[in-house]
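Welcome! Here is a guided walk through one protein structure for someone meeting it for the first time. Keep the sequence and the 3D view at hand as you read.

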Amino acid sequence: MPARLIDGKQTAAAYRERVKADVAAFTQKTGVTPHLAAVVVGENPASAVYVRNKQRACEQAGIGSSLHALPESASQADLLALVQDLNADPAVHGILVQLPLPGQIDERAVLDAVAPLKDVDCFHPENVGLLSQGRPRFAPCTPAGVMELLAAAEVPTASARAVVLGRSEIVGKPMAMLLLARGADATVTVCHSRTADLAAVCREADVLIAAIGRAKFLTADMVKPGAAVIDVGINRLPDSEGGGLAGDVDYDAVNEVAGALTPVPGGVGPMTVAVLLRNTLTAAELQTAGEPG
Ligand SMILES: Nc1nc2c(c(=O)[nH]1)N[C@@H](CN(C=O)c1ccc(C(=O)N[C@@H](CCC(=O)O)C(=O)O)cc1)CN2
């Protein structure tokens with residue numbers, strides 16, 4: 001029997017409606033319109049699409065946005081100066097620096113330069129530290145989106161064995177923290193391409209998060225029958241393989257073994273954008289006098 005489909009588009013649409021209502025209430029109460037500044041460096045076509053989608057989503061939620069584009073040749077100093085300007089601008093509540101950045105730029109130095117209260121991606125070490133201590137200021141967008149999908153699909157995490165395949169700063173590590181947090185209460189293993197007997201480790205999972213960044217890496221033999229599998233991967237296939245998008249999960253094969261499964265596209269991706277909207281509202285609340293943080 002095929003797995004139950006976990007529909008990210010539908011869950012994200014409902015989530016975005018809730019954010020929109022909360023933004024309207026906030027703006028009515030304070031007179032402040034939350035504002036997201038998006039920073040893009042270079043001509044990466046996928047980044048351009050993602051940022052355009054984020055701006056469109058802002059507009060639909062009643063959030064203002066601005067685009068700050070630098071050329072591919074921009075120096076680290078140019079980018080740091082832009083980030084400092086946005087940090088100092090009281091009309092800007094959230095700053096996102098779209099990744100990846102061109103090779104000449106030290107990504108970590110730029111992300112560290114974003115003011116922690118405007119760090120709507122939750123990449124700044126202060127915010128990662130708060131998250132790891134179980135007192136998050138912002139939700140890490142993609143991992144928090146995964147938690148929303150699990151909740152919407154009524155997949156229990158308490159006492160479940162959760163395996164996170166991938167150890168990136170953006171997804172794998174914060175994902176493990178959210179699953180481990182009080183309330184989620186999963187028993188969490190983080191594994192990666194160098195884990196010994198990786199398939200056996202993955203097969204222990206009741207909840208399996210694939211975030212390794214390799215197309216169709218997770219195969220059916222790595223999945224416990226009935227497990228909930230969340231595919232975080234968004235990989236562009238070469239034309240020789242038909243082009244298009246593939247997740248980190250070998251969808252057709254895993255669909256025959258898993259109990260529930262997210263598609264790509266239409267799974268985790270839409271949730272990343274939805275959580276970004278929530279974080280922009282949170283940032284505006286934190287920076288608006290008289291608003292509880
Ligand atoms: N500053 C950031 N940079 C990047 C992040 C991030 O969270 N913050 N994540 C990714 C890109 N990303 C958001 O920025 C992102 C990627 C994909 C989607 C999405 O909805 N994908 C669709 C498919 C879209 C397509 O056809 O290409 C889907 O999965 O249904 C949303 C956000 C790296 N950079």
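## A residue from the binding-site record

Let us begin with isoleucine 234, which sits in the loop between strand S8 (228-231) and strand S9 (235-236). Please bear in mind that this is a predicted model. Is Ile234 buried or exposed, or something in between? Ile234 is partly exposed, because 19 other C-beta atoms lie within 10 Å, while the buried class asks for 20 or more. Setting aside its neighbours within four places in sequence, isoleucine 234 is in contact with Leu245, Gly247, Val264 and Gly269.

Why begin here? An unreviewed UniProt entry places the feature "binding site" at Gly166, Arg167, Ser168 and Ile234. Another residue on that list, arginine 167, is found in the loop between strand S5 (161-165) and helix H7 (172-180). Arg167 also counts as partly exposed, because it has 18 C-beta neighbours inside 10 Å. Beyond its neighbours within four places in sequence, the contacts of arginine 167 are Gly172, Lys173, Val190 and His192.

## Strand S8 and its partners

Just before the loop of Ile234 comes strand S8. In a regular strand the side chains alternate between the two faces of the sheet. Look for this in S8: Ala228 and Ile230 point one way, Val229 and Asp231 point the other way, and all are buried.

Which strands pair with S8? One is strand S7 (residues 207-210), which runs parallel to S8 and is joined to it by 4 bridges. Here isoleucine 209 has isoleucine 230 of S8 as its bridge partner. Another is strand S11 (residues 260-261), also parallel to S8, with 2 bridges between them. In this pairing, valine 229 has leucine 261 of S11 as its bridge partner.

## Two domains and a ligand shell

Now zoom out to the whole chain. The domain assignment gives domain 1 (30-119) and domain 2 (141-269). Taken over C-alpha atoms, the centres of domain 1 and domain 2 are separated by 28 Å. The unreviewed UniProt entry has its own annotation, "domain: Tetrahydrofolate dehydrogenase/cyclohydrolase catalytic", covering residues 6-121. That span, residues 6-121, is 52% helix and 16% strand, and its end C-alpha atoms lie 24 Å apart.

Where does the ligand shell lie with respect to the domains? The shell lies between domain 1 and domain 2, because both give residues to it. There are 17 residues around the ligand, and Tyr50, Leu99, Pro265, Gly269 and Thr272 come nearest. At least two shell residues are supplied by each of strand S4 (94-97), helix H6 (141-152) and helix H10 (268-286). H10 gives the largest share, 4 residues. Sorted by class, the shell has 11 nonpolar, 5 polar and 1 charged residues.

## Two cis peptide bonds

Leu99 and Pro265, both among the residues that come nearest to the ligand, lead to another backbone feature. The peptide bond from leucine 99 to proline 100 is cis, with omega near 5°. Proline 100 is in the loop between S4 and helix H4 (107-113).

A cis peptide bond also joins valine 264 and proline 265, where omega is about 0°. Proline 265 is placed in the loop between S11 and H10. Val264 has appeared before, as one of the contacts of isoleucine 234.

## Positive phi angles

Serine 159 has phi near 65°, a positive value in a residue other than glycine. This serine 159 is in the loop between H6 and S5, and it counts as exposed because it has 9 C-beta neighbours inside 10 Å.

Aspartate 197 is not a glycine either, yet has a positive phi of about 50°. Aspartate 197 is in the loop between strand S6 (187-191) and helix H8 (198-203). With 9 C-beta neighbours inside 10 Å, aspartate 197 counts as exposed.

## A buried loop residue

Is valine 92 buried or exposed? Valine 92 lies in the loop between helix H3 (76-88) and S4, and it counts as buried because it has 23 C-beta neighbours inside 10 Å.

Histidine 35 is 57 residues from valine 92 along the chain, yet 5.2 Å separate their C-alpha atoms. Apart from neighbours within four places in sequence, valine 92 is in contact with His35, Ala37, Leu86 and Lys118.

Conventions
Residues are numbered from 1 along each chain as its sequence is written. This is a predicted model: local features need pLDDT of at least 70, side-chain atom pairs count only at pLDDT 80 or more; totals for chains, interfaces and linings use all residues. UniProt positions are given in the numbering used here, feature names are shortened, and annotations may be inferred rather than shown by experiment. A residue is buried if 20 or more other C-beta atoms lie within 10 Å of its own, exposed if 12 or fewer, and partly exposed in between; C-beta atoms are placed from the backbone. Two residues are in contact if their C-beta atoms, placed from the backbone, lie within 7 Å. Domain bounds come from an automatic or database domain assignment. Two strands pair if DSSP finds at least two bridges between them. A residue is near a molecule or strand if its C-beta atom, placed from the backbone, lies within 6 Å of it. Ala, Val, Leu, Ile, Met, Phe, Trp, Tyr, Cys and Pro count as nonpolar, Asp, Glu, Lys and Arg as charged, and the others, Gly among them, as polar.
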